[in-house]
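Here are some friendly notes to read alongside the model. I have grouped them by region, so feel free to jump between points.

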Amino acid sequence: GRGKKDRPITKEAIFHYVYAVLHDPVYREKYAVNLKREFPRIPFYSDFWQWADWGRTLMELHIGYESVPTFPVKRVDILDDKARKAGLAPKAILKADKAAGRIILDSETTLSGVPTAAWDYMLGNRSALEWILDQYKEKKPKDPTIREKFNTYRFADYKDQIVDLLMRVTTVSVETV
């Protein structure tokens, strides 16, 4: 039978190979300076098929992030009496506390038990988890008309979906690393 060595190198296999190499922490560290200044140069490793297989696995994980199992972080809710008495939603915070392995979502909810490895999966200059936290922050539009008419996004309305997303992206981050 045909072994791995005899498999034809397809465009898809090359794509998966490159995907794996670009996610390799050793490669990223070794060429960090070059990667900031120019297009990446991809080395050719003799174990091409091992890298192509890793790349395919990684890509499936990244594309299918919405269906991966949630990571078992601990959700702690402590009622914000002051906000509730005033008839307000808890104050949105969306901050990462990497050292403590926590994500502070708002004045009521914290996720803890986020593993150190989860912070190591980077999208540009920040972790995937921090990227999500930044995307879902409440930002006040500078323009008064826009602020008055279109400033309708409230973290509280999406809290449970965002918690679910953070738990899945924690799984993806740990698996990627």
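1. A word on terms, since the loops below are placed by the elements around them: helices (H or I, at least four residues) and strands (E, at least two) are DSSP runs, numbered from the N terminus. With that naming, Pro 72 sits in the loop that runs between α4 (48–63) and β1 (74–77). Please also keep in mind that this is a predicted model.

2. Staying with Pro 72, is this residue buried or exposed? Pro 72 counts as exposed because its relative accessibility is 67%, and the cut-off for exposed is over 50%. Its C-alpha lies 8.6 Å from that of Val 114, although 42 residues separate Pro 72 and Val 114 in sequence.

3. Next, the pockets. The largest pocket has a volume of about 500 Å³. Its lining is made of 18 residues, and those closest to the centre are His 23, Asp 24, Pro 25, Arg 28 and Thr 176. Two or more lining residues come from each of α1 (11–23), α2 (25–30), α4, β5 (122–123) and α8 (155–176). Which element gives the largest share of this lining? That is α4, with five residues. Sorted by class, the lining of the largest pocket holds ten nonpolar, four polar and four charged residues.

4. The second largest pocket encloses about 220 Å³. Among the residues lining this pocket are His 62, Tyr 65, Tyr 121, Trp 131 and Tyr 136, together with Leu 165, Val 169 and Val 172. Both α6 (128–135) and α8 supply at least two residues of the lining. In the second largest pocket, the lining divides into ten nonpolar residues, one polar residue and no charged ones.

5. On packing, the largest nonpolar core has 23 residues, and the members that touch the most others are Ile 103, Leu 105, Leu 111, Val 114, Leu 129 and Leu 166. At least two residues of this core come from each of β3 (102–106), α6 and α8. The largest share belongs to α8, which supplies eight residues. There is also a second, separate core of nine residues, with Tyr 17, Val 21, Trp 49 and Trp 51 among them.

6. Leu 129 deserves a click in your viewer. Which residues does Leu 129 contact, leaving aside its neighbours within four places in sequence? They are Val 114, Ala 118, Trp 119, Leu 166, Val 169 and Thr 170.

7. Helix α1 lends itself to a quick geometry check. Its 13 residues should span 18 Å at 1.5 Å a residue, and the end C-alpha atoms are 19 Å apart, so the two values agree. The buried residues of α1 are Ala 13, His 16, Tyr 17, Ala 20, Val 21 and His 23. Their cover includes α2, α4 and α8.

8. Tyr 19 also lies in helix α1. Why does Tyr 19 count as partly exposed? Its relative accessibility is 21%, and buried would need a value under 20%. Beyond its neighbours within four places in sequence, Tyr 19 is in contact with Gly 55, Leu 58, Met 59 and His 62. Tyr 19 and Lys 159 are 140 residues apart in sequence, with their C-alpha atoms 32 Å apart.

9. If you look at backbone torsions, stop at Leu 94. This residue has a positive phi of about 50° although it is not a glycine. Leu 94 lies in strand β2 and counts as buried because its relative accessibility is 2%.

10. Two more loop positions round off the list. Ala 100 is in the loop between β2 (92–97) and β3, and counts as partly exposed because its relative accessibility is 44%. Between Ala 100 and Asp 164, 64 residues apart along the chain, the C-alpha separation is 20 Å. Ser 46 is placed in the loop between α3 (32–37) and α4, and is exposed, with a relative accessible area of 71%. The C-alpha atoms of Ser 46 and Lys 85 are separated by 65 Å, with these positions 39 residues apart along the chain counted as their distance apart.

Terms used: Residues are numbered from 1 along each chain as its sequence is written. This is a predicted model: local features need pLDDT of at least 70, side-chain atom pairs count only at pLDDT 80 or more; totals for chains, interfaces and linings use all residues. Side-chain values use heavy atoms; hydrogens and water are left out. Buried means under 20% relative accessible area, exposed over 50%, partly exposed in between (1.4 Å probe, protein chains only). On a 1 Å grid over the protein atoms alone, a cavity is a set of points where a 1.4 Å probe fits but cannot get out, and a pocket is an open set with protein on both sides within 12 Å along at least five of seven lines; lining residues have an atom within 4 Å of a point. Grid points are joined across faces, edges and corners, and a volume is the space filled by probe spheres set on the points. Ala, Val, Leu, Ile, Met, Phe, Trp, Tyr, Cys and Pro count as nonpolar, Asp, Glu, Lys and Arg as charged, and the others, Gly among them, as polar. A nonpolar core is a set of buried Ala, Val, Leu, Ile, Met, Phe, Trp, Tyr and Cys residues joined through side-chain atoms within 4.5 Å. Contact means heavy atoms within 4.5 Å. The expected span of a helix is 1.5 Å times one less than its number of residues.
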